[in-house]
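Work through these exercises with the structure open beside you. Try each task before you read its solution.

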Amino acid sequence: MKTGPKVIIIVGAVCVVAVGAFIGLRPLFAQRDGIHYVTRPVGRSDISATVSETGTVNPVNTVTVGSEVSGTIRTLGVDFNSRVRKGQIMATLDPTTYQAAVDSAQASLRLAEANLNSAQVNVGKMKALSDMANLTVQRDEPLLKQGLINQNQMDTDNTAAVTANQDYLAAQAAVHVAEAQVGVAQAQLAEAKYNLSKTVIESPMDGIVMARNVSVGQTVAASLQTPTLFSLATNLTDMQVDTSVDEADAGSVRQAAAARFTVTAYSNEEFSGTVQQVRVSPIVTQNVVTYDAVVRVHDTSGRLLPGMTAQVTIDVGKRANVLSVPIAAVLYRPLQASSGGGAFGFGAGVTQTSGGAPAGQTVAGAPGSQVTVWVLSSGSPTPRQVVIGLTDGKNIEITSGDLHEGDLVILAQRRGSAGRNGPSAGASVTAGAAGGGAGGARGAGSAAGAGNAQRAGSAPGANPPGQGQ
């Protein structure tokens, strides 16, 4: 039986497709039991450590102007954004009732003064009567001895003298009472005049009006608390940024440290400032502790407005030409490949288990923490104990430990094998499952979340996969 040309062509095409599929899928069926490491040699670099937070722009000094008395706003002398001088009239209240209180207090004072004059005159009168009664007694004594008057007359004159003396003392007391009444009337007049003066609202300082909370005709009630009429800021050239610093960074931020920040309104311009203080009073929000760091800034242009949101970067330290490694090297932990697989090698070398850090060692932490890095030595990872310092988010300083310039530190590893020139299908590079535990540690740990799962070549400047085996 003769085979037709079309059948031969079809059979040939099927063979070609089968061979191509086998060649293309062969890497998937290959035994993937090799581990390839991504390394970088230990070198030296300049490290500038910073703390980045969000803050709010505020005036250095803000004063609220209120009213100590109640009344109706009669006039307004300023408005929003008005610049005022100390003592300038900002508003007035209707003074009618307070002027009436002053007039009444003045009348009461005049009445008290008149009563005082009357009491003083009465004292003089009582003094004269007392003196006359005493003189009569003195005259009666020799007459009684001579028998010219009887004893009854003498007793009557003595009683009159005692009564006159008592009346004199009462008149003196009345003078003291009248003097006290005058003092009360004077105090009431002073209070009435003070209240009347408070119907004129004056600026307590030179500044700018940030807020006006009243209008003409509005009633101001100051019975329970002082109502706020205006909010004043000293000026808009001397400002401060109040930023909340996480407790992990509070120990690194120092007074007089240089700071930089940007605001959304001028996103292309960076403002410079200085940390004035880190306030020791903690702010606890949902069990998160922060501290208020005040960054003082002087902007002569006055572009910074109260309430603007600032992205603040505070310098906490600089190191020049120090031994350093990428943060990924601190987060890396070796993984072990498991052998076995299904039909045609599917699943071989895919399942891995994490090899944790040595007992008692942290993955990453604040400057001064002791951590473990892994060095590729004779084709296998070797742990080295080091002490870390500052970090700039990319590299971390090595202050001491068994690590030297030129050593190949491991940044990540690739599981599976499809040749030395490239990663196999489905292979991944990991910086170690232990890296996830470093997310809570600031400093070196700030990059922990980024180092948990990376693709081959994701480490900047790393050697190609498989290099350094």
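**Exercise 1.** What percentage of the 469 residues of the protein chain count as buried?

*Solution.* Keep in mind that this is a predicted model. Apply the cut-off: a residue is buried when its relative accessible area is under 20%. Of the 469 residues, 37% meet it. Now turn to the surface. The accessible surface of the chain is about 25,200 Å². Carbon and sulfur atoms hold 54% of that area.

**Exercise 2.** Find the order of the strands in the open sheet that contains E6.

*Solution.* Begin with the whole chain: it has six helices and 22 strands. Four strands make up this open sheet, in the order E7-E6-E4-E9. The pairing is antiparallel. Next, look at the ends of that order. Strand E7 (200-202) and strand E9 (219-220) are at the edges. Each has a single partner strand, so one side of each lacks a neighbour in the sheet.

**Exercise 3.** Trace the bridges that E6 makes with E4 and with E7.

*Solution.* Take E4 (residues 71-76) and E6 (residues 89-93) to start. They pair in the antiparallel sense over three bridges. Thr75 has Thr92 of E6 as its bridge partner. Ile73 is bridged to Leu93, also in E6. Then move to E7. Three bridges join E6 to E7, and these strands run antiparallel. Here Ile89 has Glu202 of E7 as its bridge partner.

**Exercise 4.** Why is E6 described as largely enclosed by the rest of the structure?

*Solution.* Count the buried residues of E6. Four of its five residues are buried, so the rest of the structure largely encloses E6.

Note on methods. Residues numbered from 1 in each chain as written. Predicted model: local features only at pLDDT ≥ 70, side-chain atom pairs only at ≥ 80, totals over all residues. Heavy atoms only, no water. Pairing = 2+ DSSP bridges. Helix = DSSP H or I, 4+ residues; strand = E, 2+ residues; numbered from the N terminus. Buried < 20%, exposed > 50% of the residue type's maximum accessible area, 1.4 Å probe, protein only. Areas by Shrake-Rupley, 256 points an atom, 1.4 Å probe, with all protein chains shown as cover.
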